[in-house]
Amino acid sequence: MTSLHNRRVRNGRVGAAVAAAGLLATLLAAGPAAATPDPGDLAPGFGNQQSSAGLTAGRELAAGEIPGQDEIVHSANIKPLANIPSADPAVINSDIAFQGRYAYAGGYNGFTIYDIANPKAPKTVSQVLCPGGQNDISVLGDLLFLSTDSSRSDDSCNSVSQPATEKSSWEGIKIFDIKDKKNPKYIKSVETACGSHTHTLVPGGRDIYLYVASYSPNDAFPDCKPPHDGISVVKVPKKAPTQAAVVAFPILFPDGGNPGAPTNPGVSKTTGCHDITVLPSKNLAAGACMGDGILFDISKPEQPRVIDRVQDNVNFAFWHSATFNEQANKVVFTDELGGGGGATCNEATGPNRGADGIYDITGSGDQRKLAFRSYYKIPRHQADTENCVAHNGSLIPVGGGRDIMVQAWYQGGISVWEFTDSSRPKEIAYFERGPLTTDRLGLGGSWSAYYYNGHIYSNDIAKGLDVLRLDDWRTESAKWVWMDRLNVQSQPEYH
């Protein structure tokens, strides 16, 4: 095991846990709520922890029922296979990437490498301690890329939290050599404007590109001043990754983007992007950018070019992430209402806020447009103590013109749903745990739920890695699709 740092720290950027919790309460008491993007400084609630790699099978929910505290429930076509509890349940787990027989799971304190050759009995290979929220993660060959969006004293894994108002503070991309899975080596850092909340790997010939998404500039931050209306492009030479550097900062919103409140009450002002998904086979990308959703051309990776832009100033508070369907004629955007720390899957919030927005891509070439079709939200109400909102998911590669994806909903669990008819999405499978806490708002649930080589893998904020098997006639064809790598925000051509 590699241990590069053993001291837990908190996010050094503006906002502490008390302030975040207070803001969430304010947001959820009002009309269409703005977002505090991603739970950040809030500490996970614990509930009960699994004591082994086993995962107890649960039961199906009755209509309108909320399961008991920590109770596992799931549809008949989902089978829980395994769970590896968090090494430190007080630290938030985040995104996942896959390569070969390994899963790479990020967390606010670093990342963990799992051997998933046997999905029923995954094993921890190594843990790298390198604090820097939220440690968004991707892999390619022997390289692993990690996002740091927490103001640090320096670029090392021994850094401590330091205010972003200090010029010497550091945020950006960290690069690791993972040839030796038991002993990853930190080889390079690249500082980026406003840090790196997320990044998206754009594979190329001699070079890899990273689209770095970050936001929320402030005049008091020397390295993150407004306007911040674009993304950082980092170029990584495959044969010389230590020469990685920022090569461009394309402006995506020359008009400044969505102005947010008070013009659009409850909507986040666009000051950058939260997440970008690329579809290299089509030279397309979809950006979820706070108050805007965009479609852009990436045929020239250093010069991405916006084709279309949409807003939803009625039901979307914070454009969070995007997923193309296999035929590249639809995009699913998620709205992170309440920032991931709020209870927004209850009856009071309703079916359209904190949901997915399904858009058809119409036209061709530079005339392509994003046309709204419908919303999708899990049909199971959650307790008022459960943080729940649309979050990270991936396609299940069923082919044949069907569109099915699996998606994380924090404490709303995992939803498998079909949007072949983009106007009539429907859930076909689910897995969730009951509330972590019953006396106050807790923080937990699935941050990322992805389909990889026949199984669903979920990185639960508080519970660790879950492995599930989906047995449904509508998804059987996906079991024949075998991938050697999956970075979900770099969508492959499955068929």
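Hi everyone, let me start with one pair of strands: strand 15 and strand 16, the latter covering residues 284-289, pair in the antiparallel sense over five bridges. Pairing here requires at least two bridges found by DSSP between two strands. One of the contributing bridges puts Leu 279 opposite Leu 284 of strand 16.

Before going on, a word on the source: this is a predicted model, where local features need pLDDT of at least 70, side-chain atom pairs count only at pLDDT 80 or more, and totals for chains, interfaces and linings use all residues. Residues are numbered from 1 along each chain as its sequence is written, and side-chain values use heavy atoms, with hydrogens and water left out.

Now the sheet around that pair. It is open, has four strands in the order 15-16-17-18, and its pairing is antiparallel. At the edges sit strand 15 (275-279) and strand 18 (305-310), each pairing on one side only. From one strand to the next, the twist averages 20°, with axes fitted as lines to C-alpha atoms and angles running from 0 to 180 degrees between N-to-C directions.

Let's zoom out. The chain has one helix and 30 strands; these are DSSP runs, H or I of at least four residues for helices and E of at least two for strands, numbered from the N terminus.

How much of the chain is buried? Of its 495 residues, 63% are, buried being under 20% relative accessible area with a 1.4 Å probe, protein chains only.

Finally, the C-alpha atoms fill a box of roughly 55 × 50 × 45 Å along the principal axes. Thanks, everyone!

Terms used: Buried < 20%, exposed > 50% of the residue type's maximum accessible area, 1.4 Å probe, protein only.
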